[in-house]
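User: I am new to this structure and would like a close look at a single part of it. Please take me through that part slowly, and then set it beside other parts.

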Amino acid sequence: MPSTENTELQGGQGQVLSPETYRDSIGTMEQSGKRKWVFPKKPKGKYTNYRTIVAYILLAFYLAVPFVKINGNPFILLNVIDREFFIFGQPFYPQDFFLLTLGAIVALVCIIIFTIAFGRIFCGWICPQTIFLESVFRKIEFAIEGDRNRQMKLDRQEWNSEKIWKRSLKWTIFFILSLIFTHFMMMTIVGSEKVFQTVAEGPFVHPTNFIVIILFTIAFYFVFAWFREQVCTLVCPYGRLQGVLIDKETINVFYDYKRGENRAKWRKGENRKAVGKGDCIDCFQCVVVCPTGIDIRDGQQLECVNCTACIDACDEVMEKVGLPKGLIRYASEKEIETRLPTKFTTRMKIFMIVLVALQLLLGYLLYNRGDLEAKFIKPAGSTFFVRDEMIINTYNYTFLNKSNDKKILTIKVIEPSHGEVIYSGTSKITVDKDKITKGTISITFPEKEMSLSKQNITIGVYDLKGNLVDSYETYFEGPFKLQF
């Protein structure tokens, strides 16, 4: 992009500003460091419509998830306090924590790889911050206070009856929505039944739950009523991360400076190319619709969330003045520099293969984590004893049924194969779905066959059809013998 060090930009009131001053004058901060409120214009266009559809689908998913059950299990439940985790209806336990950790690592790697290839599409299309702010709270603000100019006028005027009424209505609706969304968030943590129970029984019965809900509601309200785009520009680490991930082949929202420069106001009937003017008519529409208050024409910036509002605004202007659309578009820096269209490069193919491979690996590990986890532990302080030339060891077993079906199990010694199992109760052990069953068994070996004082053994757990469900390696103790 051409250097702007010696370029002057026309300000909104006719004054000439340096690039640095101009950048500061439209950002979210004044030069003094004071917060500057952003009043974005209501966007409209093709990409805005697509993003609205995606946002409403994701919002519907968010609101429906707490009530969806699979085989009686919640679709998603992340109850850290009670250590209850359900993902896609499958139960996960502290023993499966390594899988959740691996899943988080895979998700992070996928985001990094996706960002390298396709930029910050996540921020503009999928991020909950963007969806809640742009598709819920901002739309309510537009409906109550009007578009950009009316909001700015309302902000400047004294606190008269109109301003008090509109602000009070907006803030009240914002708080109610924050309370609703907080309840749905809590449903994904403790379950919808517990949330409804807390609401029905009141704050005096569940004071802790009530305080937690109020605190989260206040935080939710604070973010979307006041903090807003500052989450993206100051707090979110992903914006800083993507700054070191993108390169000239990354697809992002870019301004085509080769086509747009030199900028000049529109004059009807003028041959802009003949007089050395670019297609950018310096209308500032890409600036006033930006929810983070930046000018996309200044090049790629960390504050840009790739929301595509500037694309729709610019395309609308280009259509009105009869110039080709796409002055601001999804493109790579290399495409703009070389004027060659972006292709599905070898690098992108490799990234896609890696993404798919990581997902398949995680899916395989989740699928093969087993329906049952069995453990056989010798009681603390216990030892063997000998009876009728048989050595006997006692074990406490724990069976965790991770499946959605009740299981009836039996226990056998796999290796060495001549060990026998003595049950303290029935030989058919029942384990209900998502439950833990504990008990005690004894295992015997002929004394003459014990050559070592401590011998490794493998105990198997089988279903009624004789299929091995799980196995566990432990040790078997016997009397010490001198070897000659």
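Analyst: Let us begin with one residue, Ile218, which is partly exposed, with a relative accessible area of 45%, in what is a predicted model. Because the class called partly exposed lies between under 20% for buried and over 50% for exposed, the value of 45% places Ile218 there. Ile218 lies in helix H9, and together with Phe175, Phe210, Ile211 and Leu215 it makes a nonpolar surface patch of about 470 Å². Helix H9, which runs over residues 207-227, gives the most to this patch, with four residues.

Two other helices show how buried and exposed residues are arranged. In helix H2, the buried residues are Tyr47, Thr48, Arg51, Thr52, Ala55, Leu59 and Tyr62. Seen down the axis of H2, these buried residues fall within an arc of 130 degrees, so they line one face of the helix. On the other side of H2, Ile53 and Ile57 are exposed, while the cover over the buried residues includes helices H4, H5, H7 and H14 as well as strand E9.

Helix H11, residues 237-245, has Tyr238, Gly239, Gln242 and Leu245 buried. Around the axis they cover an arc of only 120 degrees, which puts them on the same side of H11. Pro237 and Val244, on the other side of H11, are exposed, whereas the buried residues of H11 pack against helix H3 (97-118) and H4.

Methods:
Residues are numbered from 1 along each chain as its sequence is written. This is a predicted model: local features need pLDDT of at least 70, side-chain atom pairs count only at pLDDT 80 or more; totals for chains, interfaces and linings use all residues. Side-chain values use heavy atoms; hydrogens and water are left out. Buried means under 20% relative accessible area, exposed over 50%, partly exposed in between (1.4 Å probe, protein chains only). The arc is that of the directions from the helix axis to the C-beta atoms. Contact means heavy atoms within 4.5 Å. Patches are made of residues with over 30% relative accessible area and no salt bridge: like charges are joined within 9 Å, nonpolar side chains (Val, Leu, Ile, Met, Phe, Trp, Tyr) within 5 Å. Accessible areas come from the Shrake-Rupley method with a 1.4 Å probe; for residues, only the protein chains shown count as cover. A salt bridge is a side-chain nitrogen of Lys or Arg within 4 Å of a carboxyl oxygen of Asp or Glu.
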